[in-house]
Each structure stands twice: as C-alpha cells, then as structure tokens.
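Please open the model in your viewer and keep the selection panel at hand. The stops below say what to select next and what is to be found there.

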Amino acid sequence: SPEYKQMLDLLPEDTRRAWRYGDWDALAGTFFPEFHKETHVIAPFVRIPAEWKKYRAFDYGLDMFACIWVAVDFDGRCYVYREVQQSGLVVSDAARLALDLTPANEHIEFTIAPPDMWNRKKDSEKSMAEIFAQNGLGIVKASNSRVQGWMAVKELLKPLRDDNDKPALLVTEECKGIIRNLPAIQHDDKNPSDCATEPHEI
C-alpha cells in the first residue's frame with residue numbers, strides 16, 4: 001500500500017534498502033550503504049573540461065600508496081576519474097608515480113595529504129611532506145577528523161539537489177579500487193559514527 005511504502009521510506013538507509021528493495025547486503029554492516037554501483041559509477045571521460053577544478057588526494061605508507069584524482073564541475077559535483085594503489089614505494093617513488101600519472105596539460109589545483117606526513121623523522125630530521133615537495137609534489141594538510149570526513153563523504157553520496165538528481169560524488173568505472181572498497185568498509189564496533197580500521201588493506 002502507499003502508506004506502507006511511505007513508512008519504509010522513513011526507515012534508515014540500510015533497513016530501507018533491505019525491507020523495500022530486498023537488498024539484504026545492506027544489513028551486513030557496511031559503512032556506506034548509500035553507495036550503489038548503478039548510481040555512482042559512470043563511464044570514463046573522453047575529455048574532462050579544462051575549466052573544471054582538479055585535485056589529488058592521497059594516503060601514504062610503505063604498505064600502500066593510494067592516490068585519487070578528483071574533478072569538480074561548475075555545480076560542485078565531484079568526479080573521481082583516476083586512481084592508483086601501489087605498495088612498496090618510498091616517498092620519492094610515490095611522488096614520481098603521482099606526477100607521472102598526471103598528464104602535463106592537466107592543471108591540479110593542489111594535492112591533499114594526511115597530517116602525519118608532517119611528522120619529522122628522527123633519522124633525517126625531515127618530514128615526508130618535505131620529501132614529497134623536494135620530489136616535485138607539494139602537498140596541503142588535510143583535516144584529521146575521521147568522523148567529519150566520513151560524514152562529508154556520506155553527504156556527497158546523496159543526490160546533489162533533489163532525489164531525481166545525480167549524486168554529488170561520481171566515480172568512473174576505471175577506479176576499481178574505490179568501487180571495490182567503499183562498499184566493503186564496515187562500521188566500527190565501538191563507535192557507530194566511525195568506520196572499522198580492519199581489514200587494513202581496505
């Protein structure tokens with residue numbers, strides 16, 4: 001009945017997806033039940049308009065260097081259009097990889113990195129941020145608030161203007177890591193507003 005459907009529409013996202021649409025995977029504890037391949041994944045760009053602002057963001061460790069490229073259109077909609085995930089890279093090699101994957105004619109406004117990149121190493125007295133900069137990749141410090149960051153991503157996964165609009169965050173189908181990992185991220189058992197840090201490879 002219309003009344004029953006209306007009641008289901010008022011349920012939390014994961015419960016609504018399970019009860020109304022039969023998507024029982026939505027109850028498996030995923031942190032981003034808002035993400036749907038059919039809604040958020042798009043075909044690769046033939047050409048991204050040069051006028052759109054473009055950014056890079058990365059997390060670095062020897063276990064994994066993960067970097068994404070994001071273009072923002074005139075409406076504020078974000079498109080993740082390139083990614084790389086590679087382990088075993090020292091800082092200079094990670095910087096070179098990010099630069100090599102960025103075409104010479106592609107203007108990047110700035111590159112965002114986590115605050116721990118500014119911690120000084122005891123052996124060299126240099127921070128990783130300095131080493132990235134010395135290798136041609138200047139970086140800007142991101143906020144370290146995990147929960148605020150997750151909530152911002154959740155907002156971006158919603159339609160930009162109304163329920164009939166496309167989401168504020170779209171991912172090209174070439175970015176297989178994000179497409180695989182976003183639905184796999186789970187809730188933290190002790191803090192429902194945060195996501196679990198294990199398994200670490202996600």
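Begin with glutamate 109, which counts as partly exposed at 32% relative accessibility. This is a predicted model, and the tour reads it as such. Now add lysine 53 to the selection: this residue, too, is partly exposed, with a relative accessible area of 42%. Glutamate 109 and lysine 53 form a salt bridge in which the closest N and O atoms are 3.8 Å apart. The pair links distant parts of the chain, since glutamate 109 sits in the loop between α4 and β5 (111-113) while lysine 53 belongs to strand β2, 56 residues apart.

**The whole chain**

Zoom out and colour by secondary structure, which comes to 7 helices and 7 strands. Followed along the sequence, the pattern reads α-α-α-β-β-β-β-α-β-α-β-α-β-α. Of the 202 residues of the chain, 38% count as buried. Among contacts between residues at least 6 apart in sequence, 57% join residues at least 24 apart.

**The sheet**

Select the strands next: an open sheet of 7 strands has the order β1-β7-β4-β3-β2-β5-β6, with mixed pairing. At its edges are β1 (41-42) and β6 (140-141), each of which pairs on one side only.

Select β2 and β3, which run antiparallel and are joined by 8 bridges; here lysine 54 stands opposite alanine 71 in β3. Moving on to β3 and β4, one again finds an antiparallel pair joined by 8 bridges, with isoleucine 68 having glutamate 83 in β4 as its bridge partner. The hairpin of β3 and β4 has 5 residues between the strands, and glycine 76 there takes a positive phi near 95°. On to β4 and β7 (residues 169-172), which run parallel and are joined by 3 bridges; the partner of cysteine 78 in β7 is leucine 169. Is β4 itself largely enclosed or not? Of its 9 residues, 7 are buried, so the rest of the structure largely encloses this strand.

**Helix α4 and the cores**

Select residues 91-100, helix α4, and show the side chains of Val91, Ala94, Ala95, Leu97 and Ala98, which are buried. Viewed down the axis of α4, its buried residues fall within an arc of 160°, so they line one face of the helix. Their cover includes β2 (53-60), β3 (65-72), β4 (78-86) and α5 (128-134).

Now show the largest nonpolar core, which has 27 residues; Phe58, Tyr60, Phe65, Met117, Phe132 and Ile139 touch the most other members. At least two residues of this core come from each of β2, β3, β4, α4 and α5, and the largest share, 5 residues, is that of α4. Centre the view on methionine 117, whose contacts, not counting residues up to four places away in sequence, are Phe58, Tyr60, Ser127, Met128, Ala129, Phe132 and Ile139. A second, separate core of 16 residues can be picked out through Phe31, Val70, Val171 and Ile178, which are included in it.

**A buried arginine**

Return to strand β2 and select arginine 56. Which side chain of opposite charge is nearest to this residue? It is glutamate 106, at 6.3 Å, and arginine 56, although buried, has no salt bridge. Setting aside residues up to four places away in sequence, arginine 56 touches residues including Cys67, Ile68, Trp69, Ala98, Leu99, Phe110 and Leu137.

**Further salt bridges**

The count of salt bridges comes to 10. Select aspartate 75 and arginine 161, whose side chains meet in one of them (3.1 Å, N to O). Aspartate 75 lies in the loop between β3 and β4 and arginine 161 in the loop between α6 (146-156) and β7, so the pair ties together parts that are 86 residues apart in sequence. Aspartate 75 is partly exposed at a relative accessible area of 45%, whereas arginine 161, at 54%, counts as exposed.

End with arginine 146 and aspartate 194, whose side chains also meet in a salt bridge (3.0 Å, N to O). Arginine 146 is in helix α6 and aspartate 194 in the segment after α7 (176-181), so parts 48 residues apart in sequence are tied together by the pair. Arginine 146 is partly exposed, at 36%, whereas aspartate 194 counts as buried, at 13% relative accessibility. As a last selection, take Asp75, Arg77, Arg161 and Asp165, which salt bridges that share partners join into one network.

Note on methods. Residues are numbered from 1 along each chain as its sequence is written. This is a predicted model: local features need pLDDT of at least 70, side-chain atom pairs count only at pLDDT 80 or more; totals for chains, interfaces and linings use all residues. Side-chain values use heavy atoms; hydrogens and water are left out. Buried means under 20% relative accessible area, exposed over 50%, partly exposed in between (1.4 Å probe, protein chains only). Helices (H or I, at least four residues) and strands (E, at least two) are DSSP runs, numbered from the N terminus. The arc is that of the directions from the helix axis to the C-beta atoms. Contact means heavy atoms within 4.5 Å. A nonpolar core is a set of buried Ala, Val, Leu, Ile, Met, Phe, Trp, Tyr and Cys residues joined through side-chain atoms within 4.5 Å. Lys and Arg count as positive and Asp and Glu as negative; His and the chain ends are not counted. A salt bridge is a side-chain nitrogen of Lys or Arg within 4 Å of a carboxyl oxygen of Asp or Glu. Two strands pair if DSSP finds at least two bridges between them.
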